[in-house]
Structure formats: structure tokens, C-alpha cells
Amino acid sequence: MHTGMRQGPEIWLRPPVAAPGPGVPEPAHDRAAARRFSWVGTHGGAGVSTLAAVYGGHDSGRAWPAAGAPPSVLLVARTHAAGLDTVAGAVETFRRGQAPPELDLDAVVLVADAPGRLPRPLAQRVKSLESVIDVYRVPWVPAWRLGELGRPPRETAALARLTGAVH
């Protein structure tokens with residue numbers, strides 16, 4: 001029995017790949033990383049401006065993105081009962097085709113309304129929302145209250161990948 005540290009798989013090194021020449025399409029993963037989003041708050045104080053500053057993208061406030069803004073929408077709400085009500089209503093607006101037709105709803109981003117775990121009734125509502133759309137959770141970040149917006153928290157790696165933010 002080996003009592004040392006477990007070793008992971010071997011890593012194969014390869015030389016850098018040359019940039020494609022003129023007329024060669026860029027790889028799909030490069031295009032995906034460059035995608036931009038419009039953050040749309042479903043209620044006041046949802047955290048849209050902070051998320052746009054940390055993850056990049058367009059801050060639409062509480063309005064639909066204007067002409068020229070990215071049409072890919074990330075709906076934002078806090079995890080309190082009122083926030084979950086408003087975001088569920090906004091998702092339903094998209095489902096019914098009542099949002100501006102040029103917009104695409106990509107996901108919901110839920111920002112913690114307080115530190116700690118969600119109470120069971122709120123957690124169940126989040127789970128229900130997750131059954132109909134991709135949901136990204138952002139934890140309570142004390143530094144954000146002080147205006148210290150550095151890098152995205154490590155718990156949000158999936159959201160950072162989606163938005164192309166440095167993690």
C-alpha cells in the first residue's frame with residue numbers, strides 16, 4: 001500500500017499552435033469566450049452594477065438592453081423571497097414570448113442576500129427555478145460592500161467561464 005500523495009494523470013506537453021491564416025475561421029471555443037452579456041436586474045439592488053464590474057458585460061440596470069447592447073441576457077436577482085418572485089416572473093416573460101424578440105435569455109444569476117445558507121423554503125424555490133433554466137449562484141462577498149471588486153469569488157468559477165471573466 002502506497003502512503004504518499006496520490007498522483008494525477010500525466011500531462012502531455014505540446015508546442016504552441018500557430019495562429020490561423022487569413023480566411024481560416026477561429027475555433028468555436030475562442031468565439032464562445034468572447035461572448036458578451038447584458039446584465040438585467042429584476043428588482044432594485046439586485047447587484048447588476050457590481051456583477052458587470054466584476055465579470056464584464058453590459059450593465060442594463062432594470063431595463064431591457066438598448067439597441068447596440070449585447071442581446072444575450074443574464075437576469076439578476078437577490079436570493080430573498082421578493083427577489084426570487086421577480087426573477088421567476090421575468091423568466092416567465094421570456095417563456096411566454098413577451099420579452100423583446102431580439103433578446104435571448106441565457107441564464108439567471110442569483111446573488112446572496114445575506115451570508116450563510118438559504119432557509120429551506122428559499123432553497124426549494126431556487127431548485128424549482130433551476131428545473132427550467134440555468135442558474136448561477138454568487139455568494140455573499142463582504143469585500144463588495146466596501147467597493148473592493150477584485151476578482152470573481154472562486155465559488156463562481158462556472159459563471160466566470162460563461163462570461164469570460166478572469167478567475
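## Working through His43 and two ring pairs

In this predicted model, His43 touches Arg62, Ala77, Arg78, His80, Gly83 and Thr86, leaving aside residues up to four places away in sequence.

**Exercise 1.** Place His43 in the fold, then work out whether His43 is buried or exposed.

Start with the secondary structure: His43 sits in the loop between strand E1 (38-41) and helix H2 (48-55). Next, take the relative accessible area, which is 10% for His43. Buried means under 20%, so His43 is buried. Finally, look for a polar partner: the His43 side chain reaches the backbone nitrogen of Arg78 at 2.9 Å, and Arg78 is also among the residues that His43 touches.

**Exercise 2.** Find the aromatic pairs and say how the rings of each are arranged.

The count comes to two aromatic pairs. Take Trp39 and Tyr55 to begin with: their centres are 6.0 Å apart with 45° between the planes, and the pair is tilted. Trp39 belongs to strand E1 and Tyr55 to helix H2, so this pair ties together parts 16 residues apart in sequence. Both Trp39 and Tyr55 are buried.

Now for Trp64 and Phe94: the ring centres lie 5.3 Å apart and the planes meet at 90°, so this pair is edge-to-face. Trp64 is in the loop between strand E2 (58-59) and strand E3 (72-78), while Phe94 is in helix H3 (residues 81-95), so the pair links distant parts of the chain, 30 residues apart.

**Exercise 3.** Which accessibility class does each ring of the Trp64 and Phe94 pair fall into?

Trp64 has a relative accessible area of 34%, so Trp64 is partly exposed. Phe94 comes in at 15%, so Phe94 counts as buried.

Note on methods. Residues are numbered from 1 along each chain as its sequence is written. This is a predicted model: local features need pLDDT of at least 70, side-chain atom pairs count only at pLDDT 80 or more; totals for chains, interfaces and linings use all residues. Side-chain values use heavy atoms; hydrogens and water are left out. Helices (H or I, at least four residues) and strands (E, at least two) are DSSP runs, numbered from the N terminus. Buried means under 20% relative accessible area, exposed over 50%, partly exposed in between (1.4 Å probe, protein chains only). A polar contact is a pair of N or O atoms within 3.5 Å; within protein, one must be able to donate a hydrogen and the other to accept it, and residues adjacent in sequence count only if both atoms are side-chain atoms. Contact means heavy atoms within 4.5 Å. Rings of Phe, Tyr and Trp (its six-membered ring) pair if their centres lie within 6.5 Å; planes under 30 degrees apart count as stacked, over 60 as edge-to-face and the rest as tilted.
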